[in-house]
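Dear colleague,

Please find below the sequence and the structure that I am handing over to you. My notes on what was found follow directly after them.

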Amino acid sequence: MIGRSLVTLDDLSTGQIQELLDKAHYIDGHRGEVADSCKGRLLATLFYEPSTRTRLSFETAMLRLGGQVIGFAGAQQSSVSKGESISDTVKTVSNYADIIAIRHPKEGAALVASRAAGVPVINAGDGGHMHPTQTLADLATITSRFGRLTGLTVGLCGDLTFGRTVHSLIETLCRFGGVNFVLISPEELKTPQYVIDCIKESPSCSYTEVKDLTQVIGDLDVLYMTRVQKERFFNEDDYLRLRDSYILDAGKLALAKRTMAVLHPLPRVNEIAVEVDADPRAAYFEQVRNGMLVRMALESSLLGVELPGYESVGAAGMKQEQEVKD
Amino acid sequence: MIGRSLVTLDDLSTGQIQELLDKAHYIDGHRGEVADSCKGRLLATLFYEPSTRTRLSFETAMLRLGGQVIGFAGAQQSSVSKGESISDTVKTVSNYADIIAIRHPKEGAALVASRAAGVPVINAGDGGHMHPTQTLADLATITSRFGRLTGLTVGLCGDLTFGRTVHSLIETLCRFGGVNFVLISPEELKTPQYVIDCIKESPSCSYTEVKDLTQVIGDLDVLYMTRVQKERFFNEDDYLRLRDSYILDAGKLALAKRTMAVLHPLPRVNEIAVEVDADPRAAYFEQVRNGMLVRMALESSLLGVELPGYESVGAAGMKQEQEVKD
Amino acid sequence: MIGRSLVTLDDLSTGQIQELLDKAHYIDGHRGEVADSCKGRLLATLFYEPSTRTRLSFETAMLRLGGQVIGFAGAQQSSVSKGESISDTVKTVSNYADIIAIRHPKEGAALVASRAAGVPVINAGDGGHMHPTQTLADLATITSRFGRLTGLTVGLCGDLTFGRTVHSLIETLCRFGGVNFVLISPEELKTPQYVIDCIKESPSCSYTEVKDLTQVIGDLDVLYMTRVQKERFFNEDDYLRLRDSYILDAGKLALAKRTMAVLHPLPRVNEIAVEVDADPRAAYFEQVRNGMLVRMALESSLLGVELPGYESVGAAGMKQEQEVKD
């Protein structure tokens, strides 16, 4: 992955995704060992729209690896206000930084940036389009809870029409295969056909579409919650009638398996009751930590930095081969 | 203090406050020795309202100890704009940082944050409520000028009704005792009763209330200036008549003791004439430096970081005891 | 230069400017050696108006030297909103930082700041007035392309009336001498008389004023492009008629020497066609890198930090003299 950009998860093979998850797990257990591995490296966070959670995660990742950070948050603080193109900004910043994380309200901005840049670019979200490190955080959380990504029943609940994190997660899980999806949403917010097609094309995946969370929650290994926004409904009556069905509280959680993991991309408004936070099934703040860890794995991988003591399965395999030859 | 939060100075014993002042003094004389003591530690500055002076002080403190900083300044840059609660933001940031400094326009925000956080939280000002590190800076400045906090005549001048720094300083000095307060303000801006009661309840403190600074300035060891704001008056005539009485200039300063120390929480507008800056009695920029030093002491203490070469009186005492036992 | 401020390039002798250019060149070839030379030093970037490019350049410079950074960008985030003077802000920040870079919309702000500060202040642009590190970047780029600043034909094209970078570059080149200036602009945007006088007073410089870029481009060693803004014209017809004459594209570039260097202070809007970027004569992104390098040279020089392995011509000379004496 050295020197490459990450615009969408399609840029990575499932082997490379697995490698990032392994590396994130290694980093978590070896914080001290990796603390200086990016010394002398500089990350630029170019956030054309505010997203504090994501920005701080990228920055923490680099600082925890011993690197440094420059950047801006909010377009009003950038040369954009003088009409500069993304390409020119990225070409300029390539002279300062060793790696760039870009967030932009327009779809395709990260791709444009990656083509102009002289250093690796990570897409930190471009419009409603792609946000690959969020999906990596989701995958890392499922892996850390179950030790695997396959053979699971994964429920996705709420707004399945507009939630990009949900689509990206489904598509990526389909590449690994072996997942039974339960798609829980009101009629108005059903999963788009192209995502359904993706599941159908994956040989070992299956799905069901339902409207009632309580009816299926007992079957789930993972419950991925999203927000149901008022603006998505034609009339307020429908919204008020449906809203409560898609709020996770202690009552609904009582019907779930003891090992189920609750995920949410955050920020939440009220779609998960605060009382759920104390339940060991709540995994959404773990997801935040995993988001930082996968970003550490990603930044170090794209920079080509070795993590002391870490040996990838691939590298180990090559090494063994080498030894045999010797 | 390790692992604890600081929401108000009532969270600390007078012994602990004294320990922080001692530590700040030690740090000032041993900048090089302490320069790496927080290596690998991360401070998050969550500033929901801008306060550059305070934010830069907290950040400098951590950087001067060898740590790193992440954060935001101004609510428009945070997930708050998406309706996230303070608790959720703080729970998230606890996954990134080792310690948090929070500034918020609402009273009680820091307490809420400290309860949600998994790491120590320092209140960097919540509304008109509390700003404990400002008071620590005030105390450190008095100590550095007089070698003690007791046996002093402390004048407080200007707006004594609304100034939270003034109330907090009086209350904390009352805990140490032995202070003679001179409360200098117009009728409209007198010290509130609960603060007066606090002085009355302190066995060794006394106070007088006056309207005229020139009349009492000759008695003062410390003169703490605050701003008299136009908005506080019912009519402009009263404001214009009174304003000049509460402006410190070279003329009034000529009536003061040669050893008097002038403090001000800054920023000032015109309540201290610029000509006063060059006078050795002006201590308000020293106060800025002391603010940074007490924040270094506080951050390292809450993180449980040892400062090379520093031995607290308590620790030394315990060590001696230990040695006697051995 | 140790401990001094840089408000305008007139603060430096041509020898000192040459020393900074030499140092920048040394730094470029010895990134690893200098990477820790400012360890423990803190830069404050006080940007009262946004200028991401310049701010990130100053910050990168300090981080690449092993130092740290604090600061703000945009006045809304500073105590300025509470009415604090520049002097008070700078006096405060002098307690935090070892060196300050200030950007302010008002002319003279940097001079005021340098007088109030207890540490070196670098002018990062004050209104339409001065922006000395931009000129240093321009000079470094010319030097890196031609190995010298003299004996060159330097064309400046576009808005020569309002562009401060153009005036500053001409004035500084005149101090070094031996430059033939070609001033290319519409009648409405001619070079001001005081800049013309400056060229006339320089014994070894000459100039011509023309309106047509294509006519002279074949003579130029350096072509410094600037933007022609619509707002500068009395009527839109004039603007539309003239605009294209001052846009550099592949067609016009075909008429130029193979060794010509195209400079531009950036950001550009459309005055250089994107197709030009790939041409080896395009030097404007090199200029960005040189901007960072001269800021590294400047920050380390004002801080009095020695760069490992670097020996200035002056220092070497003095050393030899010393050795002779010994």
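**Domain annotation and chain contacts**

UniProt, in an unreviewed entry, lists residues 151-298 of chain A as "domain: Aspartate/ornithine carbamoyltransferase Asp/Orn-binding". Please bear in mind that the model is predicted. Over residues 151-298 of chain A, helix accounts for 36% of the chain and strand for 16%. The C-alpha atoms at the two ends of this stretch lie 26 Å apart.

**How the copies are related**

Chain A is superposed on chain B by a rotation of 120° with 0.0 Å of shift along its axis, at an RMSD of 0.0 Å. The two copies are therefore related as by a three-fold rotation axis. Which residue of chain A comes closest to the rotation axis? It is Q68(A), whose C-alpha lies at 5.2 Å. Only 11% of the interface residues of chain A are also interface residues in chain B, so the copies meet through different surfaces.

**Chain A with chain B**

The contact draws on 27 residues of chain A and 23 residues of chain B. Together the two chains bury about 2100 Å², with 46% of that area on carbon and sulfur atoms. On the side of chain A, the most area is lost to chain B by L56(A), R64(A) and F285(A), which together account for 24% of what that side buries.

Five salt bridges are found across the interface of chain A and chain B. R64(A) takes part in a salt bridge with D98(B), with the closest N and O atoms 3.1 Å apart. Twelve residue pairs, both at pLDDT 80 or more, are in polar contact across this interface. Helix 3 (52-64), strand 2 (68-73) and helix 12 (284-303) of chain A are the elements that give two or more residues to the side touching chain B. Helix 3 of chain A gives the most, with nine residues. By class, this side of chain A has ten nonpolar, seven polar and ten charged residues.

**Chain C with chain B**

Here, 23 residues come from chain C and 27 residues from chain B. The buried area between chain C and chain B is about 2100 Å², 46% of it on carbon and sulfur atoms. Among the five salt bridges across this interface is that between D98(C) and R64(B), at 3.1 Å from N to O. In chain C, strand 2 (68-73) and helix 4 (86-93) are the elements that give two or more residues to the side touching chain B. Strand 2 of chain C gives the most, with five residues. That side of chain C comprises seven nonpolar, ten polar and six charged residues.

With kind regards

Notes: Residues numbered from 1 in each chain as written. Chains lettered and ligands numbered in written order. Predicted model: local features only at pLDDT ≥ 70, side-chain atom pairs only at ≥ 80, totals over all residues. Heavy atoms only, no water. Contact = heavy atoms within 4.5 Å. Buried area = accessible area lost by both parts, 1.4 Å probe. Salt bridge = Lys/Arg side-chain N within 4 Å of Asp/Glu carboxyl O. Helix = DSSP H or I, 4+ residues; strand = E, 2+ residues; numbered from the N terminus. Nonpolar A, V, L, I, M, F, W, Y, C, P; charged D, E, K, R; others polar. Least-squares fit on C-alpha atoms with pLDDT ≥ 70 in both. UniProt positions renumbered as here; feature names shortened; annotations may be inferred. Polar contact = N/O pair within 3.5 Å; in protein donor to acceptor, adjacent residues only side chain to side chain.
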